[in-house]
Amino acid sequence: MLKLPLSRIRLAISEQLPQLKNIYHALEVPSKKQQQPMLQWILPATIAQHENELLELVKNQQFDATYIEKVQVLPSVGRTAAKVEFHLQPDAFVKHVLHEELRATPTAVSSAEHIVVEYSSPNIAKPFHVGHLRSTIIGNVLANLHQYLGYRTTRLNYLGDWGTQFGLLALGVQLGNVTDSQMRDAPIETLYKAYVDANKAAAENAELAQKARDLFSALEAGSDATMAKQWQLYREYTIAELTNVYERLGVHFDSYEWESQYSQRDISEVLQSLRTAGLLQREQDGREIVVMNERRVPVIKSDGSTLYLARDIAAVLERQRRLKFSRMLYVVDNGQADHFNALFHTAVGLDQSLSNKLEHVKFGRIHGMSTRHGKAIFLRDVLDEARDVMREKRSQSATTRSNSCLDDEHVCDILGVSAVIVNVLKQRRQRDHEFSWQQALQVNGDTGIKLQYTHCRLHSLLENFTHVSLADIEPSWQQLAQEPADALDVFYELARFEQCVWQSQQQLEACVLVNYLFGLCNATSRALKRLPVKQETSAAKQMQRLLLFHAAKRTLQQGMQLLGLKPLNQM
């Protein structure tokens, strides 16, 4: 993935004001269209008490006249925050927006910060269901945004493969006489069936329930080498199957990690540290707990085995030593809030350096996401359904052209997945979300299909002008300003891309970027109607419009890739 190119205009301002943290990204293009282009900096509420000295600081600076014509300082009035307006040289600004990336090699705004994002994290004993979808695609977008903005980013998938339920899983594999080839062909479905069968059998037979506990004890103690080897194979097969789903979703990870890495024998030192620090307290029934806001949260069961919280405490401490992260984001649903409060409270109690480094990125649930024939257990079924619906819609559409060079199955899969991803991401993440096939697969509404369709229209237009060297066309503010208003609408949308990416990352909200891309598509569609390129008789106008639409395609493509989408050139 490309990283954000340095903006010479933003640098011309931010390098003169090193005291103002993040001003490079915080500069905004005003939402109201201006006759002369400008960037504005609105004083954040957190530093409003220093307004006078900050505004004075800006007044006393000399900014590069190549880019900045004048600076206007506007003090706060009532509830209206103070702001600084940087009035820009129009041709320098239009060149930056339409042209700079054609000539410049992208260079990231470097950051010493290391961001670790833990997301997806399914359990190998359960299906990779639609509930994992939101964690997977939100986490992927957040990792993409941080990487694009120049942060060192590590993507973690922390898979659940430990705990007493895995004794049931091992029992189910034995009871079902599951072969290695069955496991290799469909590991997740096979493991799920084995777990369900064993759960049912153990509920009816106390001896089988005890056997499941014994199997897990042997696995935890490392005393059964054959089962340990099988377990390793199950994990490998699971990752292979998950990777196919992740590939369709445009998702990848730097590291797959396992809950079993932090089993009881591996974390004894951490448990002892918790006791020494007085964070772990023993109850009368033998359990050991941590106290969190008067809640008594179990960490170790009365039989001495560890609970999920213990393993998570060990994991975050080990990751801090190994990865030396600046910030750790856990992308997990709202229902786990109490767990993460206890985790962060306990981890910081043991290691103060973790204070303010850990964040639970919460999200709501998805309702109604099933196939047309009933409830879907597996996410793969939902993605297949989206592909099949798109195939039907394309075959019924009067505008679909036959193209022997196009892999229809591949195109339908990308369109279906785009529809699912965007329909989920366009919501505020903490809201519960009601999924609708009808809404998700519309071409005219705000959907993933709209993004793909607009990208294809722009690609088709630009294909007619491959002989033109865009880098040799000099952008002109005067010509742009003389065009119908639709041209400036697109231009100002393009100019807002940088601030939108930053705001999306700051808020940890993918919907900020999604809704920006909808606005860009809407403005581009209007401009394509009002600003013809092929039919335009003026060569000067034709070239300026070509630059504008090329920048629109490039920006849309970058935004779609940040969402994990695969931009199509034909559909």
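In which helix is the place of H339? H339 lies in helix α14, which spans residues 337-350. The model described here is predicted. This briefing covers that residue, a sheet of 3 strands, and two nonpolar cores, one of 155 residues and another of 35.

**Residue H339**
- H339 counts as buried because its relative accessibility is 15%, and the cut-off for buried is under 20%.
- Setting aside residues up to four places away in sequence, H339 touches Y308, L309 and D312.

**The sheet and its helix**
- The 3 strands form an open sheet in the order β1-β3-β2, and their pairing is antiparallel.
- Strands β1 (38-42) and β2 (68-74) are the edge strands, each pairing on one side only.
- On average, neighbouring strands of this sheet are turned by 15° against each other, direction ignored.
- Strand β3 (residues 83-88) runs antiparallel to β2 and is joined to β2 by 6 bridges.
- Within this part of the sheet, V84 in β3 stands opposite V73.
- Helix α3 (residues 51-59) packs on the sheet and touches β1, β2 and β3. The direction of helix α3 makes about 160° with that of β2.

**The nonpolar cores**
- The largest nonpolar core holds 155 residues, of which F86, L249, L451 and F491 touch the most other members.
- Helix α22 (residues 510-530) gives the most to this core, with 12 residues.
- Leaving aside neighbours within four places in sequence, the contacts of L249 include L133, T136, I137, L379 and G564.
- Another core, of 35 residues, lies apart from the largest one, and its members include L156, L279, L280 and Y330.

Key
Residues numbered from 1 in each chain as written. Predicted model: local features only at pLDDT ≥ 70, side-chain atom pairs only at ≥ 80, totals over all residues. Heavy atoms only, no water. Pairing = 2+ DSSP bridges. Helix = DSSP H or I, 4+ residues; strand = E, 2+ residues; numbered from the N terminus. Axes fitted to C-alpha atoms, helices over the stretch in contact; angles between N-to-C directions. Contact = heavy atoms within 4.5 Å. Buried < 20%, exposed > 50% of the residue type's maximum accessible area, 1.4 Å probe, protein only. Core = buried A, V, L, I, M, F, W, Y, C linked by side-chain atoms within 4.5 Å.
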